[in-house]
Amino acid sequence: MDAKTRKIMTMNRMHHPKADIDRMYLPRSTGGRGLIQLELTFKTSTIGLDAYLTKTNDPLLQIVKQHDDKKKLYSIKKEAVKFKRELDYSEITPSDNEATTIYTKRVKKTAKTKGHEQLQKTWEDKVMHGKYPKRTKEADVDQLKTHQWLKNTGLKAETEGLIIAAQDQSLATRSFHHRIIKDGIDPQCRICGKYEETVDHIISGCPELAKTEYIHRHNKTAAYLHWKICRHYNIETTGEWYKHQPTTVTENDVVTILWDMPIHTDKEIKANRPDIIIKDKKDQRCILIDVSIPSERNTSIKVAEKLSKYKDLEIEISRMWSMKTETIPVVIGALGLVKKGLEKFIERIPGSISINLVQKIALLGTAHILRRILSIK
Ligand SMILES: [Zn+2]
């Protein structure tokens with residue numbers, strides 16, 4: 001039944017045939033797809049039933065147990081022992097006056113946790129599929145926010161399946177053909193021809209795509225921030241963020257918002273063009289916002305890079321405009337990775353930005369790039 005379910009999902013383009021199987025049965029909050037694995041459910045139910053029959057005071061059920069224990073094959077007890085061994089389950093003892101049903105629930109829950117731990121480990125131990133879960137467990141990652149897109153973003157199941165397959169490194173890139181399928185295909189990128197065509201290369205490393213596709217994804221994300229900021233300052237905007245077209249200068253009595261505009265300073269500064277500049281005349285403060293959507297691997301260095309990149313501009317602006325100035329980097333992995341600290345940065349941008357939506361826009365952009373490039377023969 002588990003295999004059949006997966007097959008139906010694959011037929012409906014919701015599950016990539018080469019994407020990870022164990023991952024499908026892990027909770028969405030930890031990066032899985034939250035499907036119920038019937039095999040594991042059968043095991044935990046049997047273990048629970050055995051615990052219930054062992055502990056029950058009901059004389060009729062005790063007779064049932066005596067009868068069942070005598071069965072040569074497939075007795076509940078024998079099956080439970082076998083499944084406990086498979087799940088590496090260690091006995092838990094009932095507490096004083098604990099009702100049998102409550103105890104049984106606890107037993108089942110413990111067995112299920114064990115089962116999930118095993119699935120998690122098998123997933124992480126795989127050479128290709130395991131790269132992503134390992135990255136998300138590193139110290140700089142906000143795991144909860146990183147996996148949030150699986151919980152409430154509302155992406156189509158097909159898009160979700162594509163992003164999952166990309167995270168699993170199981171898409172049919174040229175590198176995948178060359179190294180895994182070994183069908184003699186040249187592993188170099190079909191667009192630039194200069195680098196090996198891995199998932200990472202397509203979604204964030206290709207110098208040719210950087211000129212078009214990445215800019216598009218980046219601008220969509222930055223435009224959402226711009227839209228939110230405009231609304232915060234009561235500047236008229238379109239009703240939906242995705243229709244918003246930022247103008248170079250947006251202004252009212254309180255604020256000037258600059259979009260992708262270089263700042264001319266007395267001293268020459270190279271990095272003088274952050275994505276958005278908010279010049280709040282009332283609060284006498286200035287915020288420089290720069291968005292970046294790097295590969296999951298590069299997210300760690302990007303934040304520090306952005307902060308130092310605009311340091312000179314920050315100093316010049318505070319001097320020229322006599323305003324307290326700060327840089328806010330908005331960095332999100334091309335496959336949705338959220339680093340710890342992003343929440344703190346985003347809170348400082350006026351307009352209550354939703355990290356979840358920023359993540360969704362980045363993921364939609366990435367899905368679009370993957371679909372386009374992988375369909376080019
Ligand atoms: Zn390329």
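The largest nonpolar core of this predicted model has 58 residues. Ala166, Ile276, Val330 and Leu370 have the most contacts inside that core. Take leucine 370. Leaving aside neighbours within four places in sequence, leucine 370 is in contact with Leu162, Ala166, Leu171, Ile202 and Ile203. Another core lies apart from the largest one and has 10 residues. Ala80, Phe83, Leu87 and Val107 are among them.

**Overall build**

The protein chain has 17 helices and 5 strands. Its C-alpha atoms fill a box of roughly 90 × 60 × 35 Å along the principal axes. The radius of gyration is 27 Å, whereas a compact globule of 377 residues would be near 21 Å. Buried residues make up 37% of the 377 residues. Among contacts with a separation of 6 or more, 63% join residues 24 or more positions apart.

The domain assignment gives domain 1 (2-127) and domain 2 (213-363). The C-alpha centres of domain 1 and domain 2 lie 48 Å apart.

**Strand 4 and its partners**

Strand 4 covers residues 285-292. Why does strand 4 count as largely enclosed by the rest of the structure? Because 7 of its 8 residues are buried. Strand 4 pairs with strand 3 and is also joined to strand 5, as tabulated here.

| Partner of strand 4 | Sense | Bridges |
|---|---|---|
| Strand 3 (residues 276-280) | antiparallel | 5 bridges |
| Strand 5 (residues 324-331) | parallel | 8 bridges |

Individual bridges can be picked out on both sides. Aspartate 280 has arginine 285, in strand 4, as its bridge partner. Cysteine 286 has threonine 325, in strand 5, as its bridge partner. The hairpin of strand 3 and strand 4 has 4 residues between the strands. Within this hairpin, glutamine 284 takes a positive phi near 55°.

Two residues with the most contacts inside the largest core are Ile276 and Val330. Ile276 falls in strand 3, residues 276-280. Val330 falls in strand 5, residues 324-331.

**Proline 350**

Where does proline 350 sit? Proline 350 is in the loop between helix 16 (342-347) and helix 17 (355-374). Is proline 350 buried or partly exposed? Proline 350 has 18 C-beta neighbours inside 10 Å, so this residue counts as partly exposed. A buried residue would need 20 or more.

Leaving aside neighbours within four places in sequence, proline 350 is in contact with Ile229, His232 and Ile278. Glycine 333 is 17 residues from proline 350 in sequence. In space, the C-alpha atoms of proline 350 and glycine 333 are 23 Å apart.

Note on methods: Residues are numbered from 1 along each chain as its sequence is written. This is a predicted model: local features need pLDDT of at least 70, side-chain atom pairs count only at pLDDT 80 or more; totals for chains, interfaces and linings use all residues. A nonpolar core is a set of buried Ala, Val, Leu, Ile, Met, Phe, Trp, Tyr and Cys residues joined through C-beta atoms within 7 Å. A residue is buried if 20 or more other C-beta atoms lie within 10 Å of its own, exposed if 12 or fewer, and partly exposed in between; C-beta atoms are placed from the backbone. Two residues are in contact if their C-beta atoms, placed from the backbone, lie within 7 Å. Helices (H or I, at least four residues) and strands (E, at least two) are DSSP runs, numbered from the N terminus. The radius of gyration is taken over C-alpha atoms; the globule rule is 2.2 Å times the number of residues to the power 0.38. Domain bounds come from an automatic or database domain assignment. Two strands pair if DSSP finds at least two bridges between them.
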